[in-house]
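Subject: Handing over the structure

Hi,

Here is the structure I promised to pass on to you. Have a look at it first, and then read my notes below with the model open beside you.

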Amino acid sequence: MDRFGVYAYCGYDLPADERFKKIKEAGFKKVGVWCHSDFNTYSGISEYEQFKFVREQGLAVSYAHAPTGQAPYLSNKYYGAKDAVKTHKLYVKSAKEQGVGIIVMHLPEVTPVVIDHVAEIAAFATDLGAKVAVENLVGKTPFDELFREVGDVYFCYDSCHALMFGDRDGEMASRYMDRLVATHLSDGDGKSDCHYMIGDGAFDFATLAKRLREGGYEGDFVSEAFRSAEYADISEFLSTTKARLEEFFA
Ligand SMILES: [Zn+2]
C-alpha cells in the first residue's frame, strides 16, 4: 500500500544513503524525516543531501518533523519566542520547497501564548499551501483549546505517547479525526516513551485501524518504532515493520 511509511531514522546508525536504500528494499513507498537535516548526527548530511537520497530511492516524504530544540521558547511571550517562531517558519518553508506538505511539531504546553505562536506558524504554512500538525505528547485531550481557537492547525497522532496517558486504542485519533493528517505508529508498555515495534506492546492497533477507517482518515500510516534487541539488523526490523503495518492497516 502506498500509504505505508517508516521514520527514516529508526535507531540504526547506518550512513543515510544506506538507510534510505534499505527502506526502499523493504518495500516502503514513504518516509518520515527530520526537517532540514537527517536526525542521525553520524551521517552529518545537509537538508538538500537528505532529500536527494530520498529522491534517489524513489521515496516520497509523508511528513517532516520539526527539531524540538526551539519548542520550549514557544511558551515565552518575549525571551526567545520570536526566534522560535521564525525558526519554525523556516522548517515549514524548507520542507515545502522540497515538496513536503506536512510539518509535525511538538508544543511545550498549550497556553494562550503558545496558541498565539502556533496560530502565526500555521497561518504562514497555510499561505504556502502546507499544513502544520501538532503531535500529542502528554494527556488524553491535549488540543481541545488549541483546535477551538485555531482553524488551520492539524493533528499527528502518536500511539505510544497516547498509551502512556490511558488511550489504548486510538480514542484521541477519533476525538481529533477532523484534524488528523499524520500518524506516528509504535507500541509501548503504557509507562514509558519506548516506541516498540507495532504489535510488540500493549496498544490495540486493530481497534485504531477500525477507527481510522470508519473516521475517513486519508493520511499515511508511518511507523515510528525504534531499534530493539529483538531484531538482528535493520533489514529484519524494516521487513517486520512492513508486515505489521500490513497486518493491521492494509
Ligand atoms: Zn512521535
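Let's start with a pair of helices: α3 and α4 cross in a right-handed way. Before you go further, keep in mind that this is a predicted model. The axes of α3 and α4 (residues 112-128) are 10 Å apart, and the helices pack at an angle of about 25°. An angle under 35 degrees counts as roughly parallel, so α3 is roughly parallel to α4.

Which residues of α3 and α4 meet? On the α3 side, look for Ala81, Val85, His88, Lys89, Val92, Lys93 and Lys96. Their partners in α4 are His117, Glu120, Ile121, Phe124, Ala125 and Leu128. Sorted by class, this contact has seven nonpolar, four charged and two polar residues.

There is another pair to look at, α1 (residues 16-25) and α2 (residues 47-56). Their axes come within 9 Å and cross at roughly 30°, and these two helices are therefore roughly parallel to each other. The crossing of α1 and α2 is right-handed. In α1, the residues to click on are Ala16, Asp17 and Phe20, which meet Gln50, Phe53 and Val54 in α2. That contact has four nonpolar residues, one polar and one charged.

Now for the inside. The largest nonpolar core has 76 residues, and the members that touch the most others are Ile103, Val132, Ala133, Val134 and Phe155. Try Ile103: leaving out residues up to four places away in sequence, Ile103 touches Cys35, Tyr63, Ala64, Ala66, Tyr91, Val92, Ala95, Ala125, Ala130 and Val132. Val92 is also one of the α3 residues in the contact with α4, and Ala125 is one of those on the α4 side.

Next, a few single residues. Is Leu180 buried or exposed? Leu180 sits in strand β7 (residues 180-184). A residue counts as buried with 20 or more other C-beta atoms within 10 Å; Leu180 has 22, so Leu180 is buried. Beyond four places away in sequence, Leu180 touches Phe155, Tyr157, Ala173, Tyr217 and Gly219. You met Phe155 above, among the core residues that touch the most other members. Leu180 and Leu212 are 32 residues apart in sequence, while their C-alpha atoms are 9.5 Å apart in space.

His195 is in the loop between β7 and α8 (205-215). His195 is buried, with 24 other C-beta atoms within 10 Å. Check its backbone too: phi of His195 is near 50°, a positive value in a residue other than glycine.

Phe147 belongs to helix α5 (residues 144-149). With 19 other C-beta atoms within 10 Å, Phe147 is partly exposed. Not counting residues up to four places away in sequence, Phe147 touches Val153, Tyr176 and Arg179. One of these, Tyr176, is 29 residues from Phe147 in sequence, and the two are 8.7 Å apart from C-alpha to C-alpha.

Last, go to Asn76, in the loop between β3 (60-65) and α3 (81-97). Asn76 is partly exposed, with 15 other C-beta atoms within 10 Å. Its C-alpha atom is separated by 9.6 Å from that of His117, 41 residues apart along the chain. His117 takes us back to the start, as one of the α4 residues that meet α3.

Cheers

Conventions:
Residues numbered from 1 in each chain as written. Predicted model: local features only at pLDDT ≥ 70, side-chain atom pairs only at ≥ 80, totals over all residues. Helix = DSSP H or I, 4+ residues; strand = E, 2+ residues; numbered from the N terminus. Buried ≥ 20, exposed ≤ 12 C-beta atoms within 10 Å, placed from the backbone. Axes fitted to C-alpha atoms, helices over the stretch in contact; angles between N-to-C directions. Parallel < 35°, antiparallel > 145°, perpendicular 65-115°, else oblique. Left-handed = near helix turned anticlockwise from the far one by under 90°. Contact = placed C-beta atoms within 7 Å. Nonpolar A, V, L, I, M, F, W, Y, C, P; charged D, E, K, R; others polar. Core = buried A, V, L, I, M, F, W, Y, C linked by C-beta atoms within 7 Å.
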